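Colleague: I've got the sequence and the model up on my screen. Walk me through what you'd look at, and start with a residue you like.

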Amino acid sequence: MALSAAALRRYLLLLAQEHLEFRLPEIKSLLSLHGGQFSGEQEIRVNSPFWILNIPSEEMARGLMKRTVCAKSIFELWGHGRSAGELYASLKSYPVDKMLPYLQSDSTYKIHIHTFNKTLTQAQKIKKIDALEFLPFKGKVNLKKPEHIFWILEDYGMDPNNVPEEPFHLYFGRWIADGQRELIESYSVKKRHFIGNTSMDACLSFIMANHGGVKPNDVVYDPFVGTGGLLISSAHFGAYVCGTDIDYNTIHGLGKATRKNQKWRGPDENIRANLRQYGLEKYYLDALVSDSSRPIWRKGMLFDAIITDPPYGIREATRRTGSQKETDKTAERSTENHIFVSSSYHLSDIFFDLLKFAAEHLVMGGRLVYWLPIYRPEYTEVIIPRHPCLKLISNCEQMLSSHTSRRLITMEKVKEFKDQDQNSYLLDGQYMPYRGHNSFREKYFSGVTKRIAKEEKDNQK
């Protein structure tokens, strides 16, 4: 049952100014995960670091902040305006009975000032705090360990070269909780035991897990698992994780090392060791050598989420197992005398196989989250692979170069898989446009070659 506007409480969300396109889908996904929903009445300026959200309870607001890596903090909003006068008027109209529990004489508090795109002097900060003397604070100021922290937040716009004298927006609220930004540093790839050429940035790994709505006791699968970076973020949130990869050496932690000044991988460089490093080994099910074009799983709904970063053919080859009869065969030998024949695996086939697998093996409501490489001059939404069992939830771009990018695609299973859905994409007009992106590697390197030639020409001038 939907809550009335009066039953909802207003909160101010302070967001980090990175991965801007990824923030709204993350917040929507996490609100849904905690039993809320994102209404069209929310006051959001997409690129701004300040969003006003209507959330049913403080408990839900805290739950949101226990997961988000895109938001820094959340506040119970007591007042806001486009000028100091508007802010004070808004504060005076805020119900006193909602304020009083945090202003009692036996409580302690402090007031913090945060400005975006401008630095204030200490004297200016004190002046702004003194201007709030009309609020019925009865407790004592304690700057070190206050029971309650109140924030004045001021938005001076997005242009660092044109900073106004007065802020465009002012907010005042009670601090509720901080987000999980510290995970970005504590799970940094630089500190990780086992990495590969394409190990995912920690921040993006957690964003993917949040877009996928991963929750405790879920089973999460990565069909292009590599060194297991995406398993780590899901395991951190309490999900059981597993994966497959065609690369025998990577699965078994063999062969040449990725790190500089290290020739070979060590005896304990493997996916399990990565999860052990973070105290997450109990969530690790297994990783198998397998070809994603030839699934090894029994039929049925097995996974709550599939979160993956397929190879694009740039730093990792796009391969699948072949046969001796295929003309484009190449024999490869690992350090364990493991031999298999591989053939090229077109990007269009990779993604449609992935969607077909997700449609068959995700539980109802389960999510598929994956990266789609794009040659920007040719991009339209038509080329995003579709499947009748999967609904597109979000599509966020991360720039790779002036002419290439990758898009984080999130889809949700909304229809049970039937045998007739097996090759439904072949009848879909969207399959043909995406086949043009089988040449993504060539287009990517053609741009690199042109840029190098231009730089050399400029250096000769």
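Colleague: Is Arg174 buried or exposed, and what is its relative accessible area?

Modeller: Bear in mind that this is a predicted model, where local features need pLDDT of at least 70, side-chain atom pairs count only at pLDDT 80 or more, and totals for chains, interfaces and linings use all residues. Residues are numbered from 1 along each chain as its sequence is written, and side-chain values use heavy atoms, with hydrogens and water left out. Buried means under 20% relative accessible area, exposed over 50%, and partly exposed in between (1.4 Å probe, protein chains only). Arg174 counts as buried because its relative accessible area is 5%.

Colleague: Which residue does the side chain of Arg174 meet in a salt bridge?

Modeller: A salt bridge here is a side-chain nitrogen of Lys or Arg within 4 Å of a carboxyl oxygen of Asp or Glu. Arg174 pairs with Glu76 at 3.2 Å, N to O. The two residues are 98 apart in the chain, Arg174 in strand β7 and Glu76 in strand β3, where helices (H or I, at least four residues) and strands (E, at least two) are DSSP runs numbered from the N terminus. The partner you're after is Glu76.

Colleague: And what is the relative accessibility of Glu76?

Modeller: Arg174, its salt-bridge partner, is buried at 5% relative accessible area. Glu76 counts as buried too, because its relative accessibility is just 2%.

Colleague: Take Glu154 and Lys128 next. How many residues apart in sequence are the parts this pair ties together?

Modeller: Glu154 and Lys128 form a salt bridge with their closest N and O atoms 2.9 Å apart. Glu154 is in strand β6 (residues 148–155) and Lys128 in helix α5 (residues 122–130), so the pair ties together parts whose separation in sequence is 26 residues.

Colleague: Which of those two is partly exposed?

Modeller: Glu154 is buried, with a relative accessible area of 1%. At 22% relative accessible area, the partly exposed one is Lys128.

Colleague: How many residues apart are the parts that Glu18 and Arg181 tie together?

Modeller: Their side chains meet in a salt bridge at 2.7 Å, N to O. Glu18 sits in the loop between β1 and α1, and Arg181 in the loop between β7 and α6 (182–186), so the parts they tie together are apart in sequence by 163 residues. Glu18 is partly exposed at 30% relative accessible area, and Arg181 is partly exposed at 24%. To repeat the separation you asked for, it is 163 residues.

Colleague: How many salt bridges does the structure hold?

Modeller: We've covered a few of them, including Glu18 with Arg181 and Glu154 with Lys128. The total for the structure is 16.

Colleague: Now the sheet. Which strands stand at its edges?

Modeller: Strands of a sheet pair through backbone hydrogen bonds, either parallel or antiparallel. Here two strands pair if DSSP finds at least two bridges between them. Seven strands make an open sheet with mixed pairing, in the order β2-β1-β3-β7-β6-β4-β5. Each edge strand has a single partner, so one side of it is left without a neighbour in the sheet, and these strands are β2 (50–55) and β5 (140–141).

Colleague: Which residue in β3 stands opposite Leu14?

Modeller: Strand β1 (residues 9–15) pairs with strand β3 (residues 71–81) in the antiparallel sense, over five bridges. Opposite Leu14, in β3, is Ser73.

Colleague: How many of the eight residues of helix α2 are buried?

Modeller: The buried ones in α2 are Glu58, Met60, Ala61, Gly63, Leu64 and Met65. Their cover includes β1, α1, β2, β3 and β7 (169–178), with contact meaning heavy atoms within 4.5 Å. Helix α2 (residues 58–65) is largely enclosed by the rest of the structure because its buried residues number six.

Colleague: What is the relative accessibility of Ser90?

Modeller: Ser90 belongs to helix α3 (residues 84–93). Leaving aside neighbours within four places in sequence, Ser90 touches Trp78, Gly79 and His80. Ser90 counts as buried, because its relative accessibility is 19%.

Colleague: Last one, on the whole protein chain: what share of its residues is buried?

Modeller: The chain has 13 helices and 17 strands. Among contacts with a separation of 6 or more, 74% are between residues 24 or more positions apart. Of the chain's 461 residues, the buried share is 52%.
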